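User: Please take me through the packing in this model. I would like short answers.

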Amino acid sequence: MAEASAPMRLVVTGASGRMGRALIKAIAENPATVLHAAIEREGSPAVGQDSGVLAGLPANGVPVTTDALAAFVKAEGVIDFTAPSATVEFSALAAQARLVHVIGTTGMSEKDLALVEAASRHATVIRSGNFSLGVNMLAALVKKTAAALDIAWDIEIIEMHHRMKVDAPSGTALLLGEAAAKGRNVSLSNAAVRARDGHTGAREAGTIGFQALRGGTVIGDHNVIFAGNGERLELRHVAEDRSLFATGALKAALWGRGRNPGQFDMQDVLNLKD
């Protein structure tokens, strides 16, 4: 095991994407971390390029590669904001190498999540729908508010992201929905209403509604509305810079360093759980 004082050796997957580049930059700026490898898919035009230059930094001597297995062998952690199928593959490799696996990938199926759960028997998995410190504080407030207010208060979650986002509702919206459901001690899968169209009838008490908006270059805007009789409470978070997710992901990786295998989230990292 590396000396605790040595920088944590991290692998970034999806290195040429928006989050990948933000992570490479954040790692370079954090003295507690060092970029060990940068991974991209086969056929990516970024393969072979210097990852520092790719992220808008001076050359760092770490070329983008497709060989995740070789990269994971001597790393301590991997930060993964890619696609569900890729994340499942990376989770198996991270388990073999006994790494810290920070997962920010959203849109994962129940089967995908089961495979990640299995990998967490050997890897320290920290998975979250959002690594923003502010969003996770918001989730804690949503849970507490939902627990305090009865079902006469309707809960609606509205989120907006850029036009290129491929999954809906967002992972953050679902994270906030889970917080509301836990506050009410109900299952989100039973309480969630994800779409309304046509003659829907009156709103059913106790449900948690979702609306997903897409357009422009919006990084992330989430609003949780508690609508009561004659009054309304709104809890909101606005992301203005993608670097805040990278900062949170690094905090998670460093928190996971040296911990036993298992599956955790940002509520664990920030010590926000009851």
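Analyst: A crossing of two helices is left-handed if the near helix is turned anticlockwise from the far one by less than a right angle, and right-handed if clockwise. The model discussed here is predicted.

User: Which hand does the crossing of helix 1 and helix 9 have?

Analyst: Met19, Ala22, Leu23, Ala26 and Ile27 of helix 1 meet Phe245, Ala246, Ala249 and Leu250 of helix 9. The two axes come within 9 Å. The crossing of helix 1 and helix 9 is right-handed.

User: Why are helix 1 and helix 9 classed as oblique to each other?

Analyst: Their axes cross at roughly 60°. Roughly parallel needs an angle under 35 degrees, and roughly perpendicular needs 65 to 115. Helix 1 and helix 9 are therefore oblique.

User: Which helix gives the largest share of the largest nonpolar core?

Analyst: This core has 34 residues, and Leu23, Ile79, Val102 and Phe131 touch the most other members. Among the elements that each supply at least two residues are strand 1, helix 1 and helix 9. The largest share, seven residues, comes from helix 9.

User: Which residues of helix 9 (243-256) does Ile79 contact?

Analyst: Beyond its neighbours within four places in sequence, Ile79 touches Leu10, Val11, Val12, Thr13, Leu23 and Val102, among others. Helix 9 spans 243-256. Its contacts with Ile79 include Ala249, Leu250 and Ala253.

User: Is strand 7 parallel or antiparallel to strand 10?

Analyst: Strand 7 pairs with strand 9 in the parallel sense, with His161 opposite Arg214. On strand 10, Asp154 faces Ala227. Seven bridges join strand 7 to strand 10, and the two run antiparallel.

Notes. Residues are numbered from 1 along each chain as its sequence is written. This is a predicted model: local features need pLDDT of at least 70, side-chain atom pairs count only at pLDDT 80 or more; totals for chains, interfaces and linings use all residues. Side-chain values use heavy atoms; hydrogens and water are left out. A nonpolar core is a set of buried Ala, Val, Leu, Ile, Met, Phe, Trp, Tyr and Cys residues joined through side-chain atoms within 4.5 Å. Buried means under 20% relative accessible area, exposed over 50%, partly exposed in between (1.4 Å probe, protein chains only). Helices (H or I, at least four residues) and strands (E, at least two) are DSSP runs, numbered from the N terminus. Contact means heavy atoms within 4.5 Å. Two strands pair if DSSP finds at least two bridges between them. Axes are lines fitted to C-alpha atoms, for helices over the stretch in contact, and angles run from 0 to 180 degrees between N-to-C directions. Angles under 35 degrees count as roughly parallel, over 145 as roughly antiparallel, 65 to 115 as roughly perpendicular and the rest as oblique.
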